[in-house]
Protein chains: 2
Amino acid sequence: MPSASSYAVVFDAYGTLFDVHSAASTIERLFPGRGTQLSQLWRSKQLEYTFLRTLGERYVDFWAVTESSLQYACDALMLPLDPGARHRLMQAYTELAPFAETLEVLMTLRESQRQLAILSNGSPAMLQALVANAHMENLFTRVLSADAVQQYKPAPAVYELACRTLGVPAQRIVFVSANGWDAAGAGWYGFRPYWVNRQGMPIERLDSPPRKTATTLKGLPEYLDHLEMSQG
Amino acid sequence: MPSASSYAVVFDAYGTLFDVHSAASTIERLFPGRGTQLSQLWRSKQLEYTFLRTLGERYVDFWAVTESSLQYACDALMLPLDPGARHRLMQAYTELAPFAETLEVLMTLRESQRQLAILSNGSPAMLQALVANAHMENLFTRVLSADAVQQYKPAPAVYELACRTLGVPAQRIVFVSANGWDAAGAGWYGFRPYWVNRQGMPIERLDSPPRKTATTLKGLPEYLDHLEMSQG
């Protein structure tokens, strides 16, 4: 039974549970020698488009954003993107590999009866495919998509989805993200951000430091145990 | 006298009228061999922080954003930023050079009695310093800062400032920007975007193509003449 002091754990998906650059090998087969470069530009443009479309009040879903950012990245690198290549790359995005420790950590957390959720920019269909391909269907209480509010993170309406759906106040949510800006946004909203700094990036200068920084998800169960003991 | 068919011309400042990378020589003196790299990372982080802070409803002015993005960029490149260096780099940002053709184009447009304005993310003090250093005080009807609405572009409230202040409907505003995302945002809002694609970038895949694309400002007076003749 979860105690009164237990926290819900809400995960970002892309980059946090699933490796957005695991598609690089598919890219590499299509565009030899350009896998890493295209993967990085695709990802950074994808994020930029989520920001711009939310700011400009021109929401389209994450599938459309991912497809248009792929087109931009190929244009910028002067790589030809025919319909077959586009299809294969987009398909790869629904089959991203979890990180090595993801499944074990989720299973450990699941045993503790805590509420576990995903809160992601991904469209519902994309998230469903990701979770199914990784055989994680039974691990999450809820898989929440920004699509429900037609805005992208770090708009407060997206983080608010988690509180509303899980029935937990913001300060009882540990929000786990590998994206520094997402951890900062979660902190602005009132969550406890746990930043998985997989790539050794500098801290974002956004006046919202994470409560905890780690390099993988491995220490998360212990962090939660300590947190709850200290407040139990 | 402006005719009934005349358009107001609203300019983005950074990258459009003024060269954000003209500070690279100051950077190069402080950090030999790193001028270009730091200048580019500083700029891209500065933009990202304007997006994130607007989305997260955590506005701070463009001076603060510029300073924190400089700190991040130095952290990322492992360059030590002491208070003296910080001061000199921030100072350089208030003294950015206009592009080679900027002054002449503005003077030509000014002769036609059109309303000319700047609409920029820059703080009022930063914009005042930029314009004064370039001796452009008498060329603009208004110098408008996003600070008035405490949001950054492409939030509609920022573009709306221009309509409200100049008393001109959106469709009578030619909006000139070298930033593809800003041109797209202006198009979303209803302006006529004139994209100065100085760096030969691919078009942004945001479903908002510019009305006109050029490589410098030089053709702008002729574009306006044609536009007004065709509708006059």
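Buried area here is the accessible area, taken with a 1.4 Å probe, that two parts lose on being put together, summed over both. By that yardstick, chain A and chain B of this predicted model bury about 2,800 Å² between them, with 65% of it on carbon and sulfur atoms. On the chain A side, a good share comes down to a few names: A:Leu55, A:Trp188 and A:Arg205 lose the most area to chain B, and together they make up 26% of what that side buries. The contact itself draws 29 residues from chain A and 29 residues from chain B.

Polar links run across the contact as well. There are 14 residue pairs in polar contact between chain A and chain B, counting pairs with both residues at pLDDT 80 or more. In terms of secondary structure, α2 (35-55), α3 (62-76) and α8 (180-189) of chain A each give two or more residues to the side that touches chain B, and α2(A) gives the most, with eight residues. Sorted by character, that side of chain A splits into 15 nonpolar, four polar and ten charged residues. Salt bridges between the two chains come to six. One of them pairs A:Lys45 with B:Glu204, whose closest N and O atoms sit 3.0 Å apart.

Turning to the inside of chain B, helix α7 (residues 156-166) has B:Val158, B:Tyr159, B:Leu161, B:Ala162, B:Cys163 and B:Leu166 as its buried residues. The cover over these includes the strands β1 (8-11), β2 (116-120), β3 (142-145) and β4 (173-177), along with helix α8 (180-189), again of chain B. Just past the end of α7(B), B:Gly167 adopts a positive phi of about 70°.

Key. Residues numbered from 1 in each chain as written. Chains lettered and ligands numbered in written order. Predicted model: local features only at pLDDT ≥ 70, side-chain atom pairs only at ≥ 80, totals over all residues. Heavy atoms only, no water. Contact = heavy atoms within 4.5 Å. Salt bridge = Lys/Arg side-chain N within 4 Å of Asp/Glu carboxyl O. Polar contact = N/O pair within 3.5 Å; in protein donor to acceptor, adjacent residues only side chain to side chain. Helix = DSSP H or I, 4+ residues; strand = E, 2+ residues; numbered from the N terminus. Nonpolar A, V, L, I, M, F, W, Y, C, P; charged D, E, K, R; others polar. Buried < 20%, exposed > 50% of the residue type's maximum accessible area, 1.4 Å probe, protein only.
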